[in-house]
Structure formats: structure tokens, C-alpha cells
Amino acid sequence: MELNLVIMEMKEEYERYQKASKKVQEMKGFYSHLIAYVFVIPVIAFINIKYTPEHYWFFYPMIGWGIGLLFHGIGVFGTDNMFGSDWENRKIKQFMEEEKNKEKYQ
């Protein structure tokens, strides 16, 4: 019986590891996407302004890619991290702690 329990715990631990590893890979993908956006869009803007300043077309890829980046971020981090109730609760606790620490050191 005890061996089965140990095996089950090891399996659960491995599954948690796999899930966490997948999440880290998804986050790395998003941050790579974000870095590419931050570096490529200014290059596109420069090319646009230098060679065709009469029409600012770089806004189109900037907006399109930005929307894709937004959805990628939502897919990785979810919407709760933005302004959901969990976010509100975390912020309230954070501000309460800050106030507590201010009072403590005054």
C-alpha cells in the first residue's frame, strides 16, 4: 500500500512539473514575440518614414501585430491577470501592506 502511495505522489509531482514546464515555455514564447515586436516595429517605421514619408503605412502592421500580441498574451496569462477579481484582491492586499509598512516606519 505504501509503495502505491509513493508512486501516486511521484506521478502527481511529475504531472505538476510537466504543467509548470509547459507554462514556462508558453511564457518564453510570448516574451520572444514581444521582444520581436519591440525591435521590428521601429525598423518598419524607420523604413516607412525614410522611403515613403507621404503615407504612414507602418501603422497597419503595428496594429495588426499588436492585436496578435495582445491575444497571445491573453492566451498565455489569461484575462484574470489583467483586471479580474483576483487582480483586484491582490492589489488591495498590496496597498494595505504598503500602508501598514508606512505606518510601521513612521
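A residue is called buried here when its relative accessible area is under 20%. By that yardstick, buried residues make up just 10% of the 106 residues in the chain. The model is a predicted one, and the values that follow were all computed from it.

As for the overall build, the chain has four helices and zero strands. Walking along the sequence gives the pattern α-α-α-α. With a radius of gyration of 23 Å, well over the 13 Å that the globule rule gives for 106 residues, the chain is more spread out than a compact globule. Its C-alpha atoms fill a box of roughly 75 × 50 × 25 Å along the principal axes. Even so, contacts do reach across the sequence: of those with a separation of 6 or more, 58% involve residues 24 or more positions apart.

Turning to the surface, about 9,100 Å² of the chain is exposed, and carbon and sulfur atoms supply 66% of that area. On the charge side, the chain carries 13 positive and 14 negative side chains. The centres of these two sets lie 4 Å apart.

Some of those charges pair up, and the structure holds two salt bridges. One of them joins the side chains of Arg16 and Glu13, with N and O 2.5 Å apart. Both residues sit in helix H1, which covers residues 2-51, and because they are three residues apart there, about one helical turn separates them. Neither end of this pair is buried: Arg16 is partly exposed at 48% relative accessibility, and Glu13 is partly exposed too, at 45%.

The other bridge links Glu26 with Lys22, and here the closest N and O atoms are 3.6 Å apart. That value falls inside the 4 Å cut-off for a salt bridge. Glu26 and Lys22 also belong to helix H1, where a spacing of four residues puts about one helical turn between them. Their surroundings fall into two classes. Glu26 counts as partly exposed, with 30% relative accessibility, whereas Lys22 is exposed, with a relative accessible area of 54%. The 50% mark is what divides these two labels, so Lys22, at 54%, ends up on the exposed side.

Away from the salt bridges, Gly73 offers a look at a buried spot. This glycine is found in helix H2, which spans residues 59-77, and its relative accessible area is 8%, so it counts as buried. Leaving out neighbours within four places in sequence, Gly73 is in contact with Phe30 and Gly78. Of these partners, Phe30 lies within the residue range of helix H1. Gly73 can also be set against Gly29: the two glycines are 44 residues apart in sequence, while their C-alpha atoms are 9.7 Å apart in space.

Lys102 gives a view from another part of the chain. Its place is in helix H4, made up of residues 85-104. With a relative accessible area of 46%, Lys102 is partly exposed. A gap of 82 residues along the chain lies between Lys102 and Ala20, and their C-alpha atoms are separated by 36 Å.

Definitions and conventions:
Residues numbered from 1 in each chain as written. Predicted model: local features only at pLDDT ≥ 70, side-chain atom pairs only at ≥ 80, totals over all residues. Heavy atoms only, no water. Helix = DSSP H or I, 4+ residues; strand = E, 2+ residues; numbered from the N terminus. Buried < 20%, exposed > 50% of the residue type's maximum accessible area, 1.4 Å probe, protein only. Rg over C-alpha atoms; globule rule 2.2 N^0.38 Å. Contact = heavy atoms within 4.5 Å. Areas by Shrake-Rupley, 256 points an atom, 1.4 Å probe, with all protein chains shown as cover. Lys, Arg positive; Asp, Glu negative; His and termini not counted. Charge placed at Lys NZ, Arg CZ, Asp CG, Glu CD.
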